[in-house]
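Work through the exercises below with the sequence and the model at hand. Each task is followed by a solution in steps.

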Amino acid sequence: MTKYGRKLGKTIAGLIIVAVFCWAFVIQYEVLKHRSPLAVGQVELLEDGDDSDFSPDLVDRAKVRLAQFPNDQRALNLLSVGLAKTGIDQAEKDRIFELLAKLGWRYSVVQQNRIINALKTGDLETIVISSDALLRRNLTENRIIDLLYLVEIEQGTQQYLVKQLSFNPGWRNVFFRRPNALRSEAQIEARARTLNMMLDSGDQISRSNMAPSLFAMANSGKLDMAMDIFQKYVGTTSEEIINDPTFQELARAQNTADYRSLPFEWIKHDTRGLQISAIEGESETAVRIKWDGRGTPLMFSQFVKIAADQQYHLQVTGSDATPDLTRRLQFSLSCQAGAARFDQLDENSEAKKLVLSSADALPCEYAKLEIKGRIQDVARPQDIGLSSIQMIAFD
């Protein structure tokens, strides 16, 4: 090929590339030309702008667009907004929003408008369904979750929220675990109804999702409510005052990655200078407490149900269950009315079995049992082994 031929070939290739770009531009322009009249300068949310935001012929142009492209979600949404702002009877509005419900799953603004319209009409079922649609797309998560918390309070429509939760949507964990979600008494009582409805229907709720709600109930003083749900959740039939007195459940839990203790179970409080482990052996389970001897750290806690004005013994067994243990650890019960410490060494104590008594009785039906370190004369490392802790009422 001559030099002239090669140059001509390059020129032709360049012209072809330019032609392709021009062709693509024309196609894109035509697409935008057919779509832009409905979108440019128009408000797409019901709550935004005034009626003047809409040109007089918006509704007519939207209808023309829909006649050509019946599945155009954006055009249908703009039509609904235009009709709502320029005046429309309720029957026509319901018909359009019914169409939006069927066509608008891929267009987030549609779902937002459905929520806005449902708020005005009190249609909480639509709020839940459209909120679920937005959350599944990871959109406006904080605002929508807050809205669902309000829906949860309404007993008449709470069933719709529970139904969506039963489908295990991607936002379910956020809904249950969001910090400080249950701030009012009404929210706590609503959450109790939600959990009971889910448990009664056989829904499997993870411990990580159950724990924040039960702790919110317990810490707000609604311990009866929390206990009822806890017993339904774990299916416990134990008559022991302390749950898991031999630490077997605690030991098994250490092998479960997503395990989360509940208020009526042993809660380990590992902190700096303190390490707690439970080891399940062939004959018994042992708890090992390794502590640097500094301060008075909280090691274990558990809410327990007690009889008001009843005194109790605390029976501790294990390799270190000797009178010297009372100089290393302190055991106490506390509730809003006061505290009772197990400081008195009982005469029934024997080798590897320590029995402690309290001089006080609490006028409470529930209390928190706590095990803490005692202040040491010299901060030296402590290694303490325990096998069981039980509470026994005075005869």
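The exercises go from the whole chain to helix packing, the nonpolar cores and single residues.

The model is predicted: local features need pLDDT of at least 70, side-chain atom pairs count only at pLDDT 80 or more, and totals for chains, interfaces and linings use all residues. Residues are numbered from 1 along each chain as its sequence is written, and side-chain values use heavy atoms, with hydrogens and water left out.

**Exercise 1. Describe the chain by its helices and strands, its buried residues and its contacts.**

Step 1. Helices (H or I, at least four residues) and strands (E, at least two) are taken as DSSP runs, numbered from the N terminus. The chain has 13 helices and 11 strands.

Step 2. Buried means under 20% relative accessible area, exposed over 50%, and partly exposed in between (1.4 Å probe, protein chains only). Of the 395 residues in the chain, 43% are buried.

Step 3. Contact means heavy atoms within 4.5 Å. Among the contacts in the chain with a separation of 6 or more, 71% join residues 24 or more positions apart.

**Exercise 2. Classify the packing of α10 against α8, α11 and α12.**

Step 1. Fix the terms. Axes are lines fitted to C-alpha atoms, for helices over the stretch in contact, and angles run from 0 to 180 degrees between N-to-C directions. Angles under 35 degrees count as roughly parallel, over 145 as roughly antiparallel, 65 to 115 as roughly perpendicular, and the rest as oblique. A crossing is left-handed if the near helix is turned anticlockwise from the far one by less than a right angle, and right-handed if clockwise. For residue classes, Ala, Val, Leu, Ile, Met, Phe, Trp, Tyr, Cys and Pro count as nonpolar, Asp, Glu, Lys and Arg as charged, and the others, Gly among them, as polar.

Step 2. Take α8 (residues 158-166) with α10 (residues 185-200): the angle is about 55° and the axes are 10 Å apart. The two helices are therefore oblique to each other, and their crossing is right-handed. Gln158, Gln159, Val162 and Leu165 of α8 make the contact with Ala190, Arg193, Thr194, Met197 and Met198 of α10. The classes are 5 nonpolar, 3 polar and 1 charged.

Step 3. Take α10 with α11: the axes come within 10 Å and cross at roughly 135°. That angle makes α10 oblique to α11, and the crossing is left-handed. From α10, Ile188, Arg191, Ala192, Leu195 and Leu199 meet Met210, Ser213, Ala216 and Met217 of α11. This contact has 7 nonpolar, 1 polar and 1 charged residues.

Step 4. Take α10 with α12: the angle is about 15° and the axes are 11 Å apart. These helices are therefore roughly parallel, and α10 passes α12 in a left-handed crossing. Ile188, Glu189, Ala192, Leu195, Asn196, Leu199 and Asp200 of α10 contact Met225, Ile229, Lys232 and Tyr233 of α12. The classes are 7 nonpolar, 1 polar and 3 charged.

**Exercise 3. Which residues of the largest nonpolar core touch the most other members, and which element gives the largest share?**

Step 1. A nonpolar core is a set of buried Ala, Val, Leu, Ile, Met, Phe, Trp, Tyr and Cys residues joined through side-chain atoms within 4.5 Å.

Step 2. The largest core has 44 residues, and those touching the most other members are Trp171, Phe175, Met210, Leu214, Met217, Ile229 and Phe264. Elements giving two or more residues include α5 (108-121), α11 (207-219) and α12 (223-234). The largest share, 7 residues, comes from α11.

Step 3. Apart from this core lies another, of 37 residues, among them Ile242, Tyr312, Ile384 and Met391.

**Exercise 4. Are Phe247, Asp309 and Glu370 buried or exposed?**

Step 1. Phe247, in the loop between α12 and α13 (248-253), is buried because its relative accessibility is 0%. Phe247 is not a glycine, yet has a positive phi of about 65°.

Step 2. Asp309, in the loop between β4 (298-305) and β5 (312-317), is exposed because its relative accessibility is 57%. Asp309 is likewise not a glycine and has a positive phi of about 60°.

Step 3. Glu370 is in strand β9 (residues 366-373) and is buried, with a relative accessible area of 14%. Leaving aside neighbours within four places in sequence, Glu370 contacts Leu298, Phe300, Ser301, Gln330, Phe331 and Ser332.
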